[in-house]
Amino acid sequence: NNNLFSFHCNKQLRVRTLFEVPFSEEKGLSPLYTKAEYEQHRFFERRDYDKLKKYIKGTNYSEDDLETIIRQEADNPDRANLFKAASSLYNHQFFWSTLSTSQIPPSFIMRDMIEDQFESVDELRKRFELIAESSHSPGWAYLVLKESELSTLVTLHNQTPLLEEGIEPLVCLDLWEHAFLPKYLNRRPDYVNNWFRLINWQIVERRMLKDAKLKESLSYATLLPGEVRLKWRNTNPI
């Protein structure tokens, strides 16, 4: 529904309820996971959720979103367990939040942005393949918006991109072993390909267009009656 869609776009990942995924859990997440594989993966997220509920007792965080906890507790050694649990849960929930079994492709504007930074959508997929194959530590691979440009970023263990100044997370790939084993043993490119096919690019674009500077660099151009496409405004003289 629209409220759920808005929830995933605005990444209000709160601690009081377990994350509601934007797809049917009964059908699994094909081709990435069968229903059983999906449930096995979510076990680790539920474990983090249970830890977080334990660690927030006695704090004022029960109604806050995960981002608030992560930012406020990043440098507090006395609440390191709280920070780690919130960060791990945030990463997991961000991973699920952009996936859809409807296979929603990039719009014109999203495709233009990707081609400007990575040459093509397929090259972006290959970038994630390379990251996954070269990763020797558990972590997360993100597509982010930094200074109004797309780039990839890898965080180790439970770290998130939230503590990096000027970065807006857009898409997250889980690089922990539980995400691709045993199904994708020695087949990490297959894991990335199946994950990439399920990205809901409509949510990604809405997250991206929260960047005010980027929105300013765009203009509307009418293609057909009732149809609008976003195009770059050329501000550089030739």
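**Exercise 1.** Find which residues gather in a patch of positive charge on the surface, and place Arg-47 within its helix.

*Solution.* Start with the patch, which consists of Arg-47, Lys-51, Lys-53, Lys-54 and Lys-57; patches are made of residues with over 30% relative accessible area and no salt bridge, like charges being joined within 9 Å. Lys and Arg count as positive. Next, locate Arg-47 in helix H2, residues 35-55, a helix being a DSSP run (H or I) of at least four residues. Finally, Arg-47 counts as partly exposed because its relative accessibility is 39%, where buried means under 20%, exposed over 50% and partly exposed in between, with a 1.4 Å probe and protein chains only.

This is a predicted model, in which local features need pLDDT of at least 70 and side-chain atom pairs count only at pLDDT 80 or more, while totals for chains, interfaces and linings use all residues. Residues are numbered from 1 along each chain as its sequence is written, and side-chain values use heavy atoms, leaving out hydrogens and water.

**Exercise 2.** Describe the salt bridge between Glu-67 and Arg-71, and state how covered each partner is.

*Solution.* First take the distance: the closest N and O atoms of Glu-67 and Arg-71 are 3.1 Å apart, and a salt bridge asks for a side-chain nitrogen of Lys or Arg within 4 Å of a carboxyl oxygen of Asp or Glu. Then note that both residues lie in helix H3 (residues 66-73), four residues apart, which is about one turn of the helix. Lastly, Glu-67 is buried at 17% relative accessible area, whereas Arg-71, at 43%, is partly exposed.

Definitions and conventions
Patch = residues over 30% accessible without salt bridge, like charges linked within 9 Å, V, L, I, M, F, W, Y side chains within 5 Å. Areas by Shrake-Rupley, 256 points an atom, 1.4 Å probe, with all protein chains shown as cover. Charge placed at Lys NZ, Arg CZ, Asp CG, Glu CD. Helix = DSSP H or I, 4+ residues; strand = E, 2+ residues; numbered from the N terminus.
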